[in-house]
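Q: Could you take me on a close look at one part of this model, starting from a single side chain and working outwards? I'd like to know where it sits, what it touches and how the strands around it are put together.

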Protein chains: 2
Amino acid sequence: MTRNELISLIHRKQSFLCVGLDSDITKIPVHLKDDPDPVFAFNKAIIDATLPFAVAYKPNLAFYESRGIAGWKSLEKTLEYLESFRSEVFTIADAKRGDIGNTSQHYALSVFSKAHSGLEFDAVTVAPYMGSDSVKPFMEFEGKWVILLALTSNQGSRDFQHLRVNENGFRLFEEVLKRSFEWGGTPENMMFVAGATQAHLFDDIRRIVPEHFLLVPGVGAQGGSLEEVARHGLNRDCGLLVNSSRGIIFASADHHFAEAAAEEAYKIQQQMARLLAAL
Amino acid sequence: MTRNELISLIHRKQSFLCVGLDSDITKIPVHLKDDPDPVFAFNKAIIDATLPFAVAYKPNLAFYESRGIAGWKSLEKTLEYLESFRSEVFTIADAKRGDIGNTSQHYALSVFSKAHSGLEFDAVTVAPYMGSDSVKPFMEFEGKWVILLALTSNQGSRDFQHLRVNENGFRLFEEVLKRSFEWGGTPENMMFVAGATQAHLFDDIRRIVPEHFLLVPGVGAQGGSLEEVARHGLNRDCGLLVNSSRGIIFASADHHFAEAAAEEAYKIQQQMARLLAAL
């Protein structure tokens with residue numbers, strides 16, 4: 001999906017909500033456990049219920065890998081199902097990968113090439129620690145997106161991301177944003193992870209990357225505020241994908257889990273529509 | 001495997017060689033392609049041939065994930081085969097994972113819990129960018145090891161790892177080493193990745209972590225020198241696992257690939273025996 005297509009989708013649905021499919025098998029409703037593939041059954045119900053209110057879906061690969069081959073199968077089926085709504089959803093592999101060039105290329109195949117791995121997402125999250133040649137191989141896939149970790153939503157983000165680096169006084173997360181330009185990152189092929197729990201730093205981020213989309217985790221269960229994120233993060237093209245995982249998908253653990261998820265997604269979408277109207 | 005067991009193994013085999021099972025299916029010998037699982041057939045032959053000369057095996061998960069479920073099956077079978085030599089080999093999942101706490105826990109299950117994922121390694125490589133709570137969940141598995149990326153072997157390592165961070169003038173890779181102590185990292189449960197291509201910096205690393213094992217990629221195809229690595233990296237307990245991937249496993253692509261791999265591994269082991277004798 002191109003940047004323009006994503007922007008159109010956001011305006012059409014009046015939403016910049018991304019639903020995080022962190023589908024921990026121990027947390028899904030008990031009545032699904034007899035299904036041959038409980039996690040896929042759960043994901044399908046969540047997708048059906050939230051599709052009118054969300055523009056993106058983001059399975060976090062950890063929750064699938066932890067179940068080995070069974071998990072990989074659930075993921076494959078989930079992606080296949082999402083593909084049937086191709087023009088309506090942007091898909092993100094939340095994988096936080098990164099390795100030396102030759103190896104990153106294989107990680108890229110694992111999320112971008114259905115012919116190789118059975119999976120094809122629109123975008124993948126990538127960790128920047130290993131630098132240019134760990135990121136560039138992901139950028140060689142025409143029409144695909146790299147979402148580079150910049151400022152994450154967790155407590156540990158303070159350990160390194162906030163450190164000021166030499167010469168220019170920028171913090172590490174700002175240095176990551178700046179270096180990405182040298183690697184060929186543009187608003188058409190790159191986004192950045194920026195945690196909602198640190199929305200007061202979005203002004204600093206926007207000074208460096210005014211045009212790029214930001215993928216914003218941390219609203220909901222982690223305590224970030226959508227209003228704050230929008231105030232400091234929105235740009236004229238929206239420029240935000242705000243993720244909620246647990247707050248939506250685990251809104252209820254009973255038979256009405258899908259309706260409860262839809263209700264949560266709807267509430268957020270309504271708030272987003274108001275924020276978009278004010279652009 | 002405990003630290004003492006690993007040290008005993010190194011002395012028994014007179015080797016600190018780790019064989020990197022970066023088993024790219026496009027590079028394995030053509031005659032294996034008719035096997036029902038060519039990658040497992042390749043790995044098994046490589047393991048059989050190099051077992052007398054190597055103390056550790058390190059599949060890089062990218063080369064398995066890029067083949068989806070088929071790749072995951074090859075990996076499972078490879079691990080199962082390595083398990084039959086349990087006291088003779090240390091196993092490393094080269095995965096470079098890291099995410100917020102709840103999610104890292106699932107990544108840990110994917111490499112440390114056979115009951116969950118079908119895979120159980122002794123160790124996993126972890127990326128530090130997201131800080132403490134992205135690393136700690138991996139450390140909660142009794143008897144397992146975290147191998148934290150510090151100074152990698154690739155060109156891109158210069159982008160961030162060498163930057164001097166504020167206050168104390170240490171470089172980012174040194175800051176990673178130091179912070180790991182606060183997270184409960186000890187020489188009994190943590191190692192660090194330190195690239196052979198930057199052996200001149202091992203003195204700086206050893207000033208901060210004199211006792212820890214270092215996992216050293218970059219000897220061979222990437223151009224690092226074993227002599228240099230040993231001069232700056234060995235400690236009284238050896239303290240090194242030096243990895244070679246392509247230089248061993250793709251030493252030949254014909255019918256004699258396993259013998260060629262054994263020959264390369266033997267050459268390195270002989271050099272290592274001399275270096276260990278001089279301790």
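A: Let's start with Phe138(B), which lies in helix α7 of chain B. Please keep in mind throughout that this is a predicted model. Is Phe138(B) buried or exposed? Phe138(B) counts as buried, because it has 26 C-beta neighbours inside 10 Å, and the cut-off for that label is 20 or more. Its contacts, leaving aside residues up to four places away in sequence, are Ser104(B), Ala108(B), Val124(B), Val126(B) and Val146(B). Take Ser104(B) from that list: 34 residues separate Phe138(B) from Ser104(B) in sequence, yet their C-alpha atoms are 6.9 Å apart in space.

One of those contacts, Val146(B), leads us on to the strands of chain B. Strand β5(B) covers residues 145-151, and it runs parallel to β6(B), with five bridges joining the two. If you want a landmark for this pairing, find Leu149(B), which stands opposite Val193(B) in β6(B). On its way along the sheet, β6(B) also pairs with β7(B), residues 213-216, again in the parallel sense and over three bridges. Here Val193(B) serves as a landmark once more, standing opposite Leu215(B) in β7(B). Between β6(B) and β7(B) the chain passes through helix α10(B), residues 202-208, and this β-α-β crossover is right-handed.

How well covered is β6(B)? Five of its five residues, 190-194, are buried. In a regular strand the side chains alternate between the two faces of the sheet. For β6(B), one side carries Met190(B), Phe192(B) and Ala194(B), the other carries Met191(B) and Val193(B), and all of these are buried.

Now for the helix we began with, seen from the partner chain. Helix α7(B) is among the helices of chain B that each supply at least two residues of the side touching chain A; the others are α3(B), α4(B), α5(B), α6(B), α8(B) and α9(B). In total, 49 residues of chain B are in contact with 49 residues of chain A. The most generous contributor on the chain B side is α5(B), residues 101-112, with six residues. By kind, that side of chain B divides into 17 nonpolar, 21 polar and 11 charged residues.

Chain A lets us look at a strand that is joined to its own helix α7. Strand β4(A), residues 123-126, has both faces covered: Ala123(A) and Thr125(A) on one side, Val124(A) and Val126(A) on the other, all buried. It pairs with β3(A), residues 90-97, in the parallel sense over three bridges, and Arg97(A) is the bridge partner of Val126(A) there. Four bridges join β4(A) to β5(A), which run parallel, and in β5(A) the partner of Val126(A) is Leu148(A). To get from β4(A) to β5(A), the chain crosses through helix α7(A), residues 132-139, in a right-handed β-α-β crossover.

While you are at β3(A), have a look at Lys96(A), which is found in that strand. Its phi is near 50°, a positive value in a residue other than glycine. Lys96(A) also counts as buried, because 28 C-beta neighbours lie inside 10 Å. Back in chain B, Gln14(B) likewise has a phi near 50°, positive without being glycine. Gln14(B) sits in the loop between α1(B) and β1(B), and it is partly exposed, with 17 other C-beta atoms within 10 Å.

Finally, step back to chain A as a whole. Its secondary structure comes to 13 helices and eight strands. The C-alpha trace spans about 60 × 45 × 35 Å along its principal axes. A compact globule of 279 residues would have a radius of gyration near 19 Å, and the 18 Å of chain A agrees with that. Of those 279 residues, 59% count as buried. Among contacts in chain A between residues at least 6 apart in sequence, 69% join residues at least 24 apart.

Methods: Residues numbered from 1 in each chain as written. Chains lettered and ligands numbered in written order. Predicted model: local features only at pLDDT ≥ 70, side-chain atom pairs only at ≥ 80, totals over all residues. Buried ≥ 20, exposed ≤ 12 C-beta atoms within 10 Å, placed from the backbone. Pairing = 2+ DSSP bridges. Right-handed = clockwise from strand over helix to strand, strands pointing away. Contact = placed C-beta atoms within 7 Å. Nonpolar A, V, L, I, M, F, W, Y, C, P; charged D, E, K, R; others polar. Rg over C-alpha atoms; globule rule 2.2 N^0.38 Å.
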